[in-house]
Amino acid sequence: MSAPTRLAIVGGGPRALSILERLAARAAEVPGPVEIHLIDAVQVGCGQVWRTGQPDWYLMNTVAGEITAFSGPPDGGPARPGAGPSFAQWWDTLEPDHDHANDYAPRNLYGRYLLFLLDVIERNLPSSITLHRIVATVTDLRKEGEGYCLTLHDGREIRVDRAAIATGHARPRLSGRLRELQRFAESEPALRFIPGGSAADMPLSAIGPGSKVGVIGMGLTFYDVVAALTVGRGGRFTESRDGLAYVPSGNEPSLVAGSRSGFPQPARGRNQKPAGFLHRPVFFTEELVRTVAGSERLDMHKHLTPRLMAEVDFVYFTAVLRERSGVATAEEFAARVRAGGGRSVTELARRAADFGLAGVPGLDFDTLALPFADRTFADRAAFDKELLVAVDADVREAERGNVDSPVKAGLDVLRSLRWIIRELTDFGGLTPSSHRDGLIDWYAPRSAFLAAGPPLIRLRETRALIDAGVLRVIGPQAQFATDATAGGFTVLSPRVRGAREVVETVIDARIPAADVRADTSALTRALLRRGLWSEFVNGGEFPTGGLAVSRSPFHPVRSDGRPEHGLHVLGIPTEHSRYFTQVVATGPTGWSEFMRDADDVASHMLRPADLNTPRPLAIRG
């Protein structure tokens with residue numbers, strides 16, 4: 001018998017499992033035996049973020065009907081690689097009395113779905129393919145001949161022909177102000193600084209009841225932290241005639257949150273779209289953007305933003321007309337706009353004026369993302385009043401839904417446009433300065449803040465917690481600093497007179513940005529040291545922090561500038577070489593880029609290896 005082709009997938013979450021699923025779906029293409037090592041440090045099959053042991057209060061922010069981990073829908077036969085239920089369909093089998101398509105699931109439930117997929121994959125593997133599930137941390141990877149040797153944390157070694165790496169979020173070294181906060185906490189036994197990451201991995205149980213806690217950032221991780229320190233401490237929410245109310249347990253700390261905007265991340269609109277719905281763009285297509293740019297290298301603000309905003313406003317105006325004049329008028333407007341082919345963005349304003357919308361402004365990202373920009377408040381009561389008005393307004397819009405609310409409908413389009421932005425910007429598609437200033441610093445945070453928010457219930461809970469006095473938002477332009485005289489950290493807003501609090505704990509409720517050079521992972525450090533990985537530097541001018549990778553099938557680019565053909569990298573480590581990699585598998589009615597990327601990697605990994613090269617034992621140690 002020929003020696004087996006040996007493969008490794010490092011990481012056990014959705015990206016890793018998608019590669020495995022496509023390997024299994026392509027099993028018939030393999031002429032000889034194959035051994036696959038699926039390795040994860042926490043839980044093989046779902047990884048750290050989706051592990052099944054975490055509490056129910058950590059929620060997903062995508063409805064179940066938009067998610068699948070199978071690369072094809074059910075076809076009437078048994079679930080198998082290439083044909084299986086969406087997340088919502090699988091959830092319905094657990095609770096058949098309820099349609100879960102528009103529900104937001106606990107993350108641990110999605111982890112169970114991923115484990116279901118892993119079991120389906122393993123049951124359907126042909127006898128020529130062996131899968132090894134390995135719970136371990138890979139600390140080193142070195143090249144040996146035509147293959148690779150992976151070193152595990154316990155000293156074992158695994159030798160493979162090819163490897164795919166999909167390790168997810170990293171924990172970079174702290175620097176700047178965050179490092180100052182950490183050092184201050186280390187010098188004072190009564191203080192605590194908790195760096196950014198997943199809330200489920202934070203040592204929140206060490207925070208005592210009644211203590212004061214400052215929270216940096218008010219995005220998705222903020223909601224997780226708040227849930228853990230309220231519902232996770234025995235508090236509960238109850239519906240009343242006046243809305244949602246919070247009943248404290250007495251075990252909660254006192255929370256003071258702050259961010260640049262001074263506003264919690266807006267809620268996703270109630271889903272009114274069928275599974276598989278995809279907006280068909282008119283103004284923002286790859287062809288139109290490149291035609292306008294001509295021979296110029298793309299610039300975010302010059303070439304992409306005008307057309308992208310026209311696409312958002314097209315949907316926004318259509319929803320406004322539907323609300324004002326009815327469905328028929330809205331459909332006529334949309335048909336006339338589409339008939340124009342999107343060649344000129346000024347056509348949108350002319351058509352809107354024809355339908356009585358002259359002078360109606362479109363959506364403005366800066367105003368929406370920074371609702372209190374340039375405003376000052378006489379005192380905390382004045383800011384609190386305006387904050388609650390804004391929260392209530394967002395709740396009302398989210399309750400109307402992502403079709404009926406013009407604001408939520410327009411912003412929801414951004415999710416459908418991600419793949420076009422990827423086509424235009426990935427692998428240095430923008431000029432170095434525009435990549436940094438236009439995409440990373442301006443567009444990406446605003447798009448994520450406005451279009452990738454939490455379920456509606458999170459905004460309602462935030463309102464209830466503020467009413468209960470458990471949570472306070474400090475104000476815009478929040479600053480977190482140290483005060484040795486006061487014996488604690490300070491949280492303040494320069495825009496709100498008197499807005500200053502002294503707290504004992506500071507939690508960074510933000511996911512750290514990708515920075516391969518600052519990554520503390522032993523594997524990342526080893527790959528950089530060995531020259532198998534390198535940082536993506538756009539145009540030789542802008543060090544992005546992301547890992548440099550080739551186009552499909554996504555080989556890491558070595559320090560000598562050449563691709564390492566036996567390795568593949570997908571997901572978050574490649575952020576900034578690519579755009580918006582932190583997604584779960586979506587698109588139950590058709591292939592998304594997520595599935596296509598996984599299939600490209602799987603196809604390359606299964607190419608015949610040099611079976612004449614002698615190999616030692618697969619695992620030793």
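## A tour around helix H7

Start with the crossing of H7 and H12, which is right-handed. A crossing counts as right-handed if the near helix is turned clockwise from the far one by less than a right angle, and left-handed if anticlockwise. Helices (H or I, at least four residues) and strands (E, at least two) are DSSP runs, numbered from the N terminus.

Before you go on, know what is on screen. This is a predicted model, in which local features need pLDDT of at least 70, side-chain atom pairs count only at pLDDT 80 or more, and totals for chains, interfaces and linings use all residues. Residues are numbered from 1 along each chain as its sequence is written, and side-chain values use heavy atoms, with hydrogens and water left out.

**Stop 1: H7 and H12**

Select residues 406-416 for helix H12. Two packed helices are described by the angle between their axes and the distance between the axes. Here the angle is about 150 degrees, and the axes of H7 and H12 are 8 Å apart. Axes are lines fitted to C-alpha atoms, for helices over the stretch in contact, and angles run from 0 to 180 degrees between N-to-C directions. H7 is therefore roughly antiparallel to H12. The cut-offs are these: under 35 degrees is roughly parallel, over 145 roughly antiparallel, 65 to 115 roughly perpendicular, and the rest oblique.

Now show side chains. On the H7 side, pick Leu308, Glu311, Val312, Val315, Tyr316, Ala319, Val320 and Glu323. They meet Pro406, Val407, Ala409, Gly410, Val413 and Leu414 of H12. Contact means heavy atoms within 4.5 Å. By class, this contact has 11 nonpolar, 1 polar and 2 charged residues. Ala, Val, Leu, Ile, Met, Phe, Trp, Tyr, Cys and Pro count as nonpolar; Asp, Glu, Lys and Arg as charged; the others, Gly among them, as polar.

**Stop 2: H7 and H14**

Add residues 432-451, helix H14. The axes of H7 and H14 come within 10 Å and cross at roughly 35 degrees. Select Met300, His301, Thr305 and Leu308 in H7. Opposite them in H14 are Ser434, Asp437, Gly438, Leu439, Trp442 and Tyr443. The contact of H7 with H14 has 5 nonpolar, 4 polar and 1 charged residues. Leu308 also belongs to the H12 contact.

**Stop 3: H7 and H6**

Next, select H6 (residues 286-293) with H7 (residues 300-325). Their axes are 10 Å apart, at an angle of about 140 degrees. So H6 is oblique to H7. The crossing of H6 and H7 is right-handed. Leu288, Val289, Val292 and Ala293 of H6 touch His303, Leu304 and Arg307 of H7. That contact holds 5 nonpolar, 1 polar and 1 charged residues.

**Stop 4: His303**

Stay in H7 and center on His303. Is His303 buried or exposed? His303 is buried, because its relative accessibility is 4%. Buried means under 20% relative accessible area, exposed over 50%, and partly exposed in between (1.4 Å probe, protein chains only). Leaving out residues up to four places away in sequence, His303 touches Val289, Ala293, Glu296, Arg297 and Leu298. Then draw a line to Ser198: the C-alpha atoms are 35 Å apart, and the residues are 105 apart in sequence.

**Stop 5: Leu528**

Go to helix H16 (residues 522-529) and pick Leu528. Leu528 is buried, at 17% relative accessible area. What does Leu528 contact, leaving aside neighbours within four places in sequence? The partners are Val516, Arg517, Trp533 and Ser534. From Leu528 to Arg558 the C-alpha separation is 8.4 Å, with their positions 30 residues apart along the chain.

**Stop 6: unusual backbone**

Most residues other than glycine have a negative phi, and most peptide bonds are trans. Three places to check follow.

- Ser552 and Pro553: a cis peptide bond joins them, with omega about 15 degrees. Pro553 is in the loop between strand E19 (542-547) and strand E20 (567-569).
- Asp374: phi is near 65 degrees. Look in the loop between helix H10 (365-369) and helix H11 (380-400). Asp374 is exposed, at 71% relative accessible area.
- His576: phi is positive, about 95 degrees. The loop here lies between E20 and helix H17 (593-605). His576 is buried, at 13% relative accessibility.

**Stop 7: cysteines**

Finish with Cys46, buried at a relative accessible area of 1%. Cys149 is buried too, at 0%. How many disulfides are there? The count is 0, where a disulfide is a pair of cysteine sulfur atoms within 2.5 Å.
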